[in-house]
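Here are a few exercises to work through with the model open beside you. Try each one before reading its solution.

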Amino acid sequence: MSRYRVAVQVVPRRGLLDPQGKAVADALHTLGFGGVSGVHVGRHLVLDLDVSDEETARRQTREMCERLLANPVTEDFEIAEVTAS
Amino acid sequence: MKFGIVSFPGSNGDFDAYQSVVEALGEEAVMLWHKDHDLQGSDVMILPGGFSYGDYLRAGAIARFSPIMREVVQHADRGGIVIGICNGFQIACEAGLLPGALLRNQSLKFVCAPIGLRVETSNTIFTSQYEKGQRILLPIAHGDGRYSADDETLDRLEGEGQVVFRYAPDALEATEAYNPNGSMRDIAGIVNGAGNVLGLMPHPERAVDPLLGSTDGLPLFESILQRVAV
């Protein structure tokens, strides 16, 4: 059994209206960052898992995302990083 | 007829629902704790408004795993009547009882106001006592009410007559922005394919007495009674 730290990113699905991202983009434009062409605000989750190997950590995390951490109707997720700790 | 009303940690519409059933309708109601496993013989289940689990992760996402939800889903699968109001609508979507999802209001603002709706069909368990096309006024109070689904789902909902309430300009407001949250196709409430589960963002249980400013919520409850009485 090893401990893995898994970082997951959950973001609104592209193409769906993202008013929060738009509000942040507008604020960045106001600050003078005119080069910002889009912002998407999502969630970053960090999980500590005690499992046998990295593949299991990834598989379980995907399942967690599909069943709870992301809404399959409106969000996409990505496992950003898996590190043994 | 017995109504079962679920209290989740963070529910705030549960006692409004209780009072509307007991005082306005004169029917029996029982308050059920979210950790219960027994619907106590309830004929109609109400998932009330509020902020279950503080809306953590997503509105309704945690509440759908409350112990009682297993029984509520079984009740729905058996054809039992379920009404999800506001947060209850969000929970019903997360639990898979209804298609789609409710996202942050387009304005990013919490909106608390009476709002004009159009009854899209009187051909449901929940709307037989309304006229099709009838304009009604119900209060809303939510920050995450933007109904969203893919085009295929929206087309199916419309094609099968499952869109029950839409945000609509009433005569007084003319062409003001009448859709308070940016919901796709102005959808405010839907039923499932079998027609026994209703989800809606407006609060019919807060419009059952003239003192509340509207009695337009009463026919919804009376429709259910009518159905069972037949």
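**Exercise 1.** Does B:Thr153 count as buried, partly exposed or exposed, and why?

*Solution.* Keep in mind that this is a predicted model. Start by locating the residue: B:Thr153 sits in helix α4 of chain B, residues 151-159. Next, count neighbours. A residue needs 20 or more C-beta atoms within 10 Å to be buried, and 12 or fewer to be exposed. B:Thr153 has 16 C-beta neighbours inside 10 Å, so it counts as partly exposed. Now look at what it touches: beyond its neighbours within four places in sequence, B:Thr153 is in contact with B:Pro99 and B:Gly100. As for B:Gly199, it is 46 residues away in sequence, and the C-alpha atoms of the two are 15 Å apart.

**Exercise 2.** Do the same for B:Asp155: buried or exposed?

*Solution.* Helix α4 of chain B holds B:Asp155 too. Its count is 12 C-beta neighbours inside 10 Å, so B:Asp155 counts as exposed. For a distance check, take B:Ser122, 33 residues from B:Asp155 along the chain: their C-alpha atoms are separated by 19 Å.

**Exercise 3.** Work out the strand order of the open sheet in chain B, and find which strands stand at its edges.

*Solution.* First, walk across the sheet. Its 9 strands run β2-β1-β3-β4-β11-β10-β9-β6-β7, and the pairing is mixed. Second, check the ends: β2 (28-33) and β7 (135-142) of chain B each have a single partner strand, so one side of each lacks a neighbour in the sheet. Third, the twist: from one strand to the next, it averages 25°. Finally, zoom in on one edge. Strand β6 (residues 111-119) of chain B pairs with β7(B) in the antiparallel sense over 8 bridges, and B:Ala113 stands opposite B:Ile140 in β7(B).

Now add the helices. Helix α2 (residues 67-77) of chain B packs on the sheet and touches β1, β2, β3, β4 and β11 of chain B. Its direction makes about 125° with that of β4(B). Helix α3 (residues 87-94) of chain B also packs on the sheet, touching β3, β4 and β11 of chain B, and makes about 120° with β4(B).

**Exercise 4.** Take β3(B): which way do its residues point, and how does the strand pair with β1(B) and β4(B)?

*Solution.* Start with the side chains. B:Val44 and B:Ile46 point one way, B:Met45 and B:Leu47 the other, and all are buried. That fits the general pattern: in a regular strand, side chains alternate between the two faces of the sheet. Then the partners. β1(B) and β3(B) pair in the parallel sense over 3 bridges, with B:Phe3 opposite B:Val44. β3(B) and β4(B) are parallel as well, over 4 bridges, and B:Leu47 has B:Gly84 as its bridge partner in β4(B). Last, trace the connection: the chain goes from β3(B) through α2(B) to β4(B), a right-handed β-α-β crossover.

**Exercise 5.** Which residues of the largest nonpolar core touch the most other members?

*Solution.* Of its 64 residues, the answer is B:Ile46, B:Leu47, B:Val82, B:Phe89, B:Ala92 and B:Val197. Follow B:Ala92 outward: leaving aside neighbours within four places in sequence, its contacts include B:Leu47, B:Val82, B:Leu97 and B:Val197. Another core, of 8 residues, lies apart from this one, with A:Val8, A:Cys65, A:Leu69 and A:Phe77 among them.

**Exercise 6.** How many residues does each chain put into the contact between chains A and B?

*Solution.* Chain A gives 9 residues and chain B gives 11. On the chain A side, helix α1 (residues 19-30) gives the most, with 3 residues. Sorted by class, that side has 6 nonpolar, 3 polar and no charged residues.

Technical notes. Residues numbered from 1 in each chain as written. Chains lettered and ligands numbered in written order. Predicted model: local features only at pLDDT ≥ 70, side-chain atom pairs only at ≥ 80, totals over all residues. Core = buried A, V, L, I, M, F, W, Y, C linked by C-beta atoms within 7 Å. Contact = placed C-beta atoms within 7 Å. Pairing = 2+ DSSP bridges. Helix = DSSP H or I, 4+ residues; strand = E, 2+ residues; numbered from the N terminus. Axes fitted to C-alpha atoms, helices over the stretch in contact; angles between N-to-C directions. Nonpolar A, V, L, I, M, F, W, Y, C, P; charged D, E, K, R; others polar. Right-handed = clockwise from strand over helix to strand, strands pointing away.
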